[in-house]
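Work through the exercises below with the sequence and the model side by side, trying each task before you read its solution.

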Amino acid sequence: MSTPEQNAPVHTAGAAEESRPSLSALLLDPSFWADWASVVGLVGLVIVFGIAQPVFLSIANLQALLLAAAILVVLSIGQTFVVATAGIDLSLAAAVMLGAIILGLVYAAGWGIFLACVLAVLATSAVGFLNGVLITAGRIPDFVVTLGTLSGITGLGLILSGGEPTMVGSTFLLKLASGSFGPFGYPVWVAIAAVIVAHIALYHTRFGVHLLATGGQVESAGALGISTNRVKIAAYTISGFCAGIASLLLVARIGSAEPLINTSLLLNSVAAVVLGGVSLFGGRASILGPAIGALMLTALVNGLTLLSVSAFYQPLAVGAIVVLAALIMRYQK
Amino acid sequence: MSAVHHIPSSEAILACEGLSKHFGGIRAFTDVAFQARRGEVTAVIGDNGAGKSTLIRCLVGVHVPDGGEIFFDGRPRPFANPDEARKAGIETVHQNLALIDELTVAQNLFLNREIVRRIGPIALLDRKAMREQARAMLSRLSINMPSVNQRVRRLSGGQRQAISICRAAGSGAKLVVMDEPTAALGVQETANVEALIRRLREQAVSVILVSHNFDQVRRLSDQIWVMRAGRMVATVRSSETTGNELVALVTGAA
């Protein structure tokens, strides 16, 4: 950069340190580990599980792992947008259930799979929109609103479905679940597409900058003319939309729409966001981080299963890793 | 000391007549006439609670006045909100330094006026252009910043204030309004910001400066307006006044 020679330079403090640090300095810097916690964790797990159980590294297992991670990756992306605004979406997993049930009922009513998928995604997006409106216009804390919609749409799902699962024997969904293109199954491609679109939205659009500004300092962002309420509503709507996509993948995967909430999906979506280096206080986010965090959590469960560790130990392991990640995160600059 | 006299309005970039603002039963200021001349630094001084900040907030659309008229660039322009004032060419440097810590210097300078490239229906940020223009904006005001990619969180109070002022000036604003721009700064940083305000004036940007540092006001401004207990009580040329006279005007001892 150029600075004019005449006129005393106004500020000099903090110069020079912005030049690129050496690799060893980087490795000694705790904030480097905090920013890359999910990548470091994933690589560590792959090495440990690969040594302990070579089957873990087989192509078939890695493909299964990616397939199993697809839903969590999509949900983590949705959660990331909300957390970036310093909020949280606790209704995410319940929205997935609602989407699945609506998909099942509309399909069972004979309206065709295409309309069923569209309505499922519309419904979950509407839930997100409602969350956003209640939080901004209603001035209710995000935690309370999404806890309320979590309960509300759980009830709605039970009422709509009568508590019974609906079989969805659609060939389209069957193909979505089992088909593949190149090395990856279709759900993996859906997740990859979601990562790319979300990354562009976050880093390469005005919306992305305004989202981070809103999450960083909401009053300042507002003072500069950013309509922070609209940004927040958009973030929750995106979260709902991601829940809808996840519900399609879920119904495709299990072949039926069940009125059950997978609470581990909600907890893991928050865990993946934390592992991905996204600040829970808002203003700082990435898409790749949470996506890799989701992969890491899936790899953990997959590896423990391969090592014949009882499923009872898996939540314990996930919990320990998330708390560890949060501790490392304190060193983030 | 001179009475409040009227300057021909063609010279005024921003002016008001008979302006009043009340909050419930509390009178912020009453029947205020004020003018800021084009290309000058106009200072508004007064004791705490004299109504300076509220007056400024009314002029830039943060508050809507209860009565009176506001003229910007010779035309009546009541601003309903700060965004309208900004679009008309008035930039405000906020007292609480409205910067976003987690964004970079360049992102802050272009916040809510990002440069985009259109690819069909999609508008993508032109980050390279914003970085380059951010460097140009900073160097035009001789602000030395290690990198425009640096997060604002790591900057000092003076550097942050410099960026706030740079953002206000860089938008091609006709008028930059600053409320206590050096209130939270140290001696050296205050000197730097004062140098920055002089540079704005050299570039023919009109400035309204709210302060209660009389020495600073006499150093920087061309015209000084004095408020006391919700009224505009006097206006003087900075070159024709003394610190003692300003103290007398502000306290009402004269």
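**Confidence**

In chain A of this predicted model, confidence is lowest in helix H2 (residues 30–35), at a mean pLDDT of 72, and highest in helix H6 (residues 113–136), at 97; pLDDT is the predictor's confidence in each residue, from 0 to 100, and helices (H or I, at least four residues) and strands (E, at least two) are DSSP runs numbered from the N terminus. Residues are numbered from 1 along each chain as its sequence is written, while chains are lettered from A and ligands numbered from 1 in the order in which they are written. Because the model is predicted, local features need pLDDT of at least 70 and side-chain atom pairs count only at pLDDT 80 or more, whereas totals for chains, interfaces and linings use all residues.

**Exercise 1. Compare the span of helix H7 (residues 142–161) of chain A with the expected one, and locate its buried side.**

Step 1. The expected span is 1.5 Å times one less than the number of residues, so the 20 residues of H7(A) should span 28 Å, and the end C-alpha atoms, 28 Å apart, agree with this.

Step 2. The buried residues (20 or more other C-beta atoms within 10 Å of their own; exposed means 12 or fewer, partly exposed in between, with C-beta atoms placed from the backbone) are Asp142(A), Val145(A), Thr146(A), Thr149(A), Leu150(A), Ile153(A), Gly157(A) and Ser161(A). They lie on the same side of H7(A) because they cover an arc of only 140° around the axis, taken from the directions from the helix axis to the C-beta atoms.

Step 3. The face turned away from that side carries the exposed residues Gly155(A) and Ile159(A), and just after the helix, Gly162(A) takes a positive phi of about 65°.

**Exercise 2. State the strand order of the open sheet in chain B and find its edges.**

Step 1. The order is S2-S1-S4-S5, with antiparallel pairing, where two strands pair if DSSP finds at least two bridges between them.

Step 2. Strands S2 (26–37) and S5 (75–76) of chain B each have a single partner strand, so one side of each is left without a neighbour in the sheet.

Step 3. S2(B) and strand S1 (residues 12–23) of chain B pair over 8 bridges, and Ala12(B) has Arg37(B) as its bridge partner in S2(B).
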